[in-house]
Amino acid sequence: MRIVCLAGGIGGARFLRGLKAAAPDADITVIGNTGDDITLFGLRVCPDLDTVMYTLGGGINEDQGWGRAAETFTVKEELAAYGMEPQWFGLGDRDVATHIVRTQMLSAGYTLAEVTQALCARWQPGVRLIPMTNDRAETHVVVGEEHARRAIHFQEWWVRERASIPAQEFAVIGADVAQPAPGVLEAIAEADLVIFPPSNPVVSIGTILQVQGIREALNPKTVVGVSPIIGRAPVRGMADACLTAIGVETTAQAVLELYGTPLINGWLVAEEDKGVALDGVTVEAVPLLMSTPDTTRALAEATLSLALRA
Ligand code: GDP
Ligand code: CA
């Protein structure tokens with residue numbers, strides 16, 4: 001079976017671990033969000049690609065859900081001692097090595113997809129991980145009152161401000177011209193099934209869907225999604241701030257409607273959200289928390305079984 005999974009960071013990576021356990025023989029292609037990417041101290045950082053790579057490759061900090069296990073922060077402290085900004089981004093020493101390799105390869109002319117493949121040669125994630133695009137498409141957040149609007153990088157809003165400043169709008173700079181990375185549209189075309197894991201529907205999946213041709217390629221496919229919202233709250237993180245910014249309620253129903261038809265065919269919600277419904281979509285209520293390897297695998301199994309009926 002050929003499966004394509006769109007993915008952001010933590011929610012996507014955790015789900016993928018369950019999917020690998022539920023479908024060990026499947027050929028899984030992951031289309032990773034690169035809207036969160038940022039250049040810091042001259043280093044190209046791709047947080048979502050790295051979260052997927054480290055999680056599936058056994059290098060993730062399990063408690064935190066992002067960054068390397070057994071991480072130290074000497075480089076960060078030394079940069080701060082020079083007064084170097086920004087100081088709000090947690091660049092760990094082990095993690096820095098990844099960004100050095102990436103930056104060096106990009107400077108030598110390799111594409112981000114080629115670099116990601118090279119990094120994965122070490123981590124062996126057991127899936128084919130492709131960035132949504134090789135082009136720059138960086139999410140910015142428009143903040144401030146009417147006469148004092150400014151756009152800040154998504155990471156500044158998310159990490160530094162903890163999404164506490166109201167966002168007026170998200171602008172993915174470059175998305176209008178960004179082309180899917182080689183292999184993205186081909187993988188979708190060949191897929192038996194496409195999964196939207198419980199990643200952020202606005203700044204992870206929503207960003208991937210803005211890349212030229214991806215939404216159109218997905219429309220005719222069987223797409224099943226897992227709600228990142230239970231009741232009226234994101235399971236973890238601050239997805240509610242993103243949904244509010246685009247005028248969408250923080251509910252499993254509203255996120256389903258945001259994806260809409262003909263894009264989505266099946267939708268998994270939590271047991272307390274049983275009433276969720278949309279014409280043309282098969283909805284099922286199952287336990288949605290990925291708290292242990294077993295519950296995560298069961299969620300992936302439920303996704304695969306829903307796909308057969310969607
Ligand atoms: P990020 O890029 O690291 O923010 O990660 P993603 O975009 O992949 O995922 C973030 C989303 O995952 C958040 O909106 C959470 O609500 C959702 N999430 C995290 N853990 C769980 C879980 O155990 N179950 C479900 N259903 N959603 C989860
Ligand atoms: Ca992210």
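**Questions about a predicted model**

Biologist: α1, α2, α4 (93-107) and α6 (154-160) each supply at least two residues of the lining of the largest pocket. Which helix gives the most to that lining?

Modeller: Happy to start there, with the reminder that this is a predicted model. The lining of the largest pocket counts 46 residues, and α1, α2, α4 and α6 are the helices that put at least two residues each into it. With five residues, the one that gives the most is α2.

Biologist: Which residues lie nearest the centre of the largest pocket?

Modeller: The largest pocket has a volume of about 1200 Å³. By class, its lining holds 19 nonpolar, 18 polar and nine charged residues. Nearest its centre lie G9, I10, W66, W158 and R236.

Biologist: Let's turn to the metal. Which residues coordinate the calcium ion (ligand 2)?

Modeller: The donors are OD atoms, at 2.0 to 2.6 Å from the calcium ion. D48 appears twice in the list and D36 is named once. They come from distant parts of the chain, 12 residues apart, one in the loop between β2 (27-32) and β3 (38-40) and the other in helix α2 (residues 47-57). The coordinating residues are D36 and D48.

Biologist: Is D36 buried or exposed? And D48?

Modeller: The cut-off for buried is under 20% relative accessible area. D36 has 7%, so D36 falls under the cut-off. D48 stands at 6% relative accessibility, so D48 also counts as buried.

Biologist: Now the sheets, please. What is the order of the strands in the open sheet of three strands?

Modeller: The pairing in this open sheet is antiparallel, and the twist averages 30 degrees from one strand to the next. Strand β6 (residues 138-143) and β8 share six bridges. The order is β7-β6-β8.

Biologist: Why is one side of β7 (150-153) and of β8 (167-173) left without a neighbour in the sheet?

Modeller: Both strands stand at the edges of the sheet. One side of each is left without a neighbour because each has a single partner strand.

Biologist: Which residue of β8 stands opposite V143?

Modeller: The pairing to look at is the antiparallel one between β6 and β8. Opposite V143, on the β8 side, stands A167.

Biologist: Which residue of β14 is the bridge partner of L268?

Modeller: Strand β13 (residues 266-269) runs parallel to strand β14 (residues 282-285), and four bridges join them. Strand β10 (residues 223-226) also pairs with β13 in the parallel sense, over three bridges, and there G225 is matched with W267. For L268, the partner in β14 is E284.

Biologist: Which residues of β13 are buried?

Modeller: Strand β13 is covered on both faces. W267 and V269 lie on one side and G266 and L268 on the other. The buried residues are G266, W267, L268 and V269.

Biologist: How far apart are the C-alpha atoms of V224 and A245?

Modeller: V224 belongs to strand β10, and at 0% relative accessibility V224 counts as buried. A245 is 21 residues from V224 along the chain. Their C-alpha atoms are separated by 25 Å.

Biologist: And what separation do the C-alpha atoms of A191 and I28 have?

Modeller: A191 sits in the loop between α7 (184-190) and β9 (193-196). With a relative accessible area of 6%, A191 is buried. A191 and I28 are 163 residues apart along the chain, and the separation of their C-alpha atoms is 9.1 Å.

Biologist: Which helix gives the most to the lining of the second largest cavity?

Modeller: The structure holds two cavities of 30 Å³ or more, and the second largest has a volume of about 40 Å³. Its lining is split into three nonpolar, three polar and three charged residues. With four residues, the helix that gives the most is α1 (residues 10-22).

Biologist: One last item: how many nonpolar residues are in the lining of the largest cavity?

Modeller: About 60 Å³ of space lies in that cavity. Among the residues that line it are F41, K76, Q87 and F89. The classes are one charged, one polar and, for the nonpolar residues, seven.

Definitions and conventions
Residues are numbered from 1 along each chain as its sequence is written. Chains are lettered from A and ligands numbered from 1 in the order in which they are written. This is a predicted model: local features need pLDDT of at least 70, side-chain atom pairs count only at pLDDT 80 or more; totals for chains, interfaces and linings use all residues. Side-chain values use heavy atoms; hydrogens and water are left out. Two strands pair if DSSP finds at least two bridges between them. Axes are lines fitted to C-alpha atoms, for helices over the stretch in contact, and angles run from 0 to 180 degrees between N-to-C directions. Buried means under 20% relative accessible area, exposed over 50%, partly exposed in between (1.4 Å probe, protein chains only). Donors are N, O and S atoms within 2.8 Å of the metal (3.2 Å for Na, K and Ca); water is not among the atoms, so sites may look incomplete. On a 1 Å grid over the protein atoms alone, a cavity is a set of points where a 1.4 Å probe fits but cannot get out, and a pocket is an open set with protein on both sides within 12 Å along at least five of seven lines; lining residues have an atom within 4 Å of a point. Grid points are joined across faces, edges and corners, and a volume is the space filled by probe spheres set on the points. Ala, Val, Leu, Ile, Met, Phe, Trp, Tyr, Cys and Pro count as nonpolar, Asp, Glu, Lys and Arg as charged, and the others, Gly among them, as polar.
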